[in-house]
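Hello,

Here is the structure I said I would pass on. Have a look at it first, and my notes follow below.

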Amino acid sequence: MNDRKVTRVDVAREAGTSVAVVSYVINNGPRPVAEATKQKVLAAIQKTGYRPNGIAKALASGSTQTYGLVIPDISNPFLASIAHALQREAFKHGHVLLLGDAGDSRLREKELINNLLLRQVEGLIYTSVDRHPYIELIQSSGTPCVMLDRVESGEGLSTIQVNEKLAAYKITHHLIQHGYKNIGIICGPKEMLNTQDRLAGWLNALEGSSLTVNPKWILNGEYTRDWGYQAIHKMSKDGLPDAIFATNELQAFGCLKALAELNLRVPEDIALVCFNGTVQSEYTVPSLTTVRQPVDKIAEKAIQILQNWSQKKALYEVEFELQIGHSCGCKAR
C-alpha cells in the first residue's frame, strides 16, 4: 500500500493542467478557470483523494474558520445542549467549533483559553467556571468573545443571558400559587453570581407573599446530582419543607433519588421544581417543572455576534420559559 501523501502536483498531472490552475480551483481564485478545466481538476481531486492543507490555507487566507467554546463541564446536560446547538449553528456558517471542557477547574479553564487563542480561533464563546472569567487575557489577544452568563458589571463584554433572578422568582411563585407555604432551596456555590441571582429570586418570591424564610431550608453546594442527593438527606434531619426549588437540573435528579429512598412521593408528599432543565426533565418520573433557556436562540445569537463582530459591546437578554411537568403538582392534582 502506498502511503505517500497526495499533492497538488499529482492532481495537476491527473487533470493535465498546471499546479497554479489547481490552486486557482481550490482557492476559488485569484484567477478565473474555464468551467471545463475546473471540472477536470475536481474530478482529479476526487480520483487521487487529495485533501487541501487546512493550516496552509488558513495562513494564506487569514481565516481559520474555527470558533472556540469554553464551558465548565460538558457532563452537565444543559451545557451539553448549548454546545450541541452552537456546533450546529457554527457549521451552518462554515465554521468548526472547538470544544474546551474545563472540568470545573479554573486552572484548566485558563489553559484551554490560551490553547484556543494560540490556534487563532476567530472567536470565543465562553461560560466561566465560577463566573469570574479571564477577560483581560482574551481582550489582550483582540479575539471576539461572547459570554453566555452574567459577569461582574463593567467588564465591557458582549453577553447573552436570561434574567435568572426573575426566572427564579417566577418558578418559586408558581409553587406559591399551588398553596405551598414552606419552600426550601438547594443552591450552587455561594460565590457564583448565578447562585446569588437564583437565591435572590427565591427570596423575593417568598418575601413578596409574606412567607417565612427558614435558614435550615437553604443549602449551598455543587451543581451536581450528588449534592442534590446529599442536600435532601441533610434537610430531612430537621424536617423537609412542602416544596423544594433545586437550582439546576442535575441537583433535581439527585433529589428524586433521595426522596424515593425516604419513601416520599413527588408531588403528593413534596413538590420539586428546578432551573436550567433540558429535554431530560421530560423523561424523569415524575416529569420536572423547570425553567428552560432557549438554547437554539442563544446559539443563533452568539454566532451572529461573532459573524458580525464590532468593538461595540452589548448585553442581549433572551426570554426563558416555564416547562410545566408533574413534579410541581400541576397535572397530578
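Let me start in the middle of things: I183 stands opposite A243 in β8. Please keep in mind throughout that this is a predicted model. That residue pair belongs to the pairing of β6 with β8, which is parallel and runs over 4 bridges. On the other side of the same residue, A243 also stands opposite A271 in β9. Strand β8 (residues 243-246) and strand β9 (residues 271-274) are again parallel, joined by 4 bridges.

These strands are part of an open sheet of 6 strands, in the order β7-β6-β8-β9-β10-β12, with mixed pairing. At its edges are β7 (218-220) and β12 (321-323), each of which pairs on one side only. On average, neighbouring strands in this sheet are turned by 15° against each other, direction ignored. Helix α11 (residues 249-261) packs on the sheet, where it touches β6 (183-187), β8 and β9, and its direction makes about 160° with that of β9.

Strand β8 is worth a look in its own right. In a regular strand, side chains alternate between the two faces of the sheet. In β8, A243 and F245 point one way while I244 and A246 point the other, and all are buried.

Which residues have the most contacts inside the largest nonpolar core? They are L86, I125, L148, I160, L175, I183 and F245, in a core of 45 residues. The elements giving two or more residues to this core are β1 (66-71), α5 (77-92), α8 (164-177), β6, α9 (193-208), β8, β9 and α12 (295-307). Another core lies apart from it, with 21 residues, among them W217, L219, L250 and C255.

I160 leads on to another group of strands. Strand β5 (residues 158-161) is covered on both faces: S158 and I160 on one side, and T159 and Q161 on the other, are all buried. Strand β4 (residues 145-147) pairs with β5 in the parallel sense over 2 bridges, and the bridge partner of V146 in β5 is S158. Strand β11 (residues 315-317) is also parallel to β5, with 3 bridges joining them; here Y316 is the bridge partner of I160. Leaving aside neighbours within four places in sequence, the contacts of I160 are V146, M147, L148, D149, I298, K301, A302, I305, Y316 and V318.

A polar residue to inspect is N194, which lies in helix α9. Is N194 buried or exposed? Its relative accessible area is 5%, so N194 is buried, the cut-off being under 20%. Beyond its neighbours within four places in sequence, N194 is in contact with R131, E164 and Y223.

Finally, have a look at the start of the chain. Helix α1 (residues 8-15) packs against helix α2 (residues 19-27) at an angle of about 105°, with their axes 8 Å apart. The two helices, α1 and α2, are therefore roughly perpendicular to each other. On the α1 side the contact is made by R8, V9, V11 and A12, which meet V19, V22, S23, I26 and N27 in α2. Sorted by type, the residues of this contact are 6 nonpolar, 2 polar and 1 charged.

I hope you enjoy looking through it.

Best wishes

Methods:
Residues are numbered from 1 along each chain as its sequence is written. This is a predicted model: local features need pLDDT of at least 70, side-chain atom pairs count only at pLDDT 80 or more; totals for chains, interfaces and linings use all residues. Side-chain values use heavy atoms; hydrogens and water are left out. Two strands pair if DSSP finds at least two bridges between them. Axes are lines fitted to C-alpha atoms, for helices over the stretch in contact, and angles run from 0 to 180 degrees between N-to-C directions. Contact means heavy atoms within 4.5 Å. Angles under 35 degrees count as roughly parallel, over 145 as roughly antiparallel, 65 to 115 as roughly perpendicular and the rest as oblique. Ala, Val, Leu, Ile, Met, Phe, Trp, Tyr, Cys and Pro count as nonpolar, Asp, Glu, Lys and Arg as charged, and the others, Gly among them, as polar. A nonpolar core is a set of buried Ala, Val, Leu, Ile, Met, Phe, Trp, Tyr and Cys residues joined through side-chain atoms within 4.5 Å. Buried means under 20% relative accessible area, exposed over 50%, partly exposed in between (1.4 Å probe, protein chains only).
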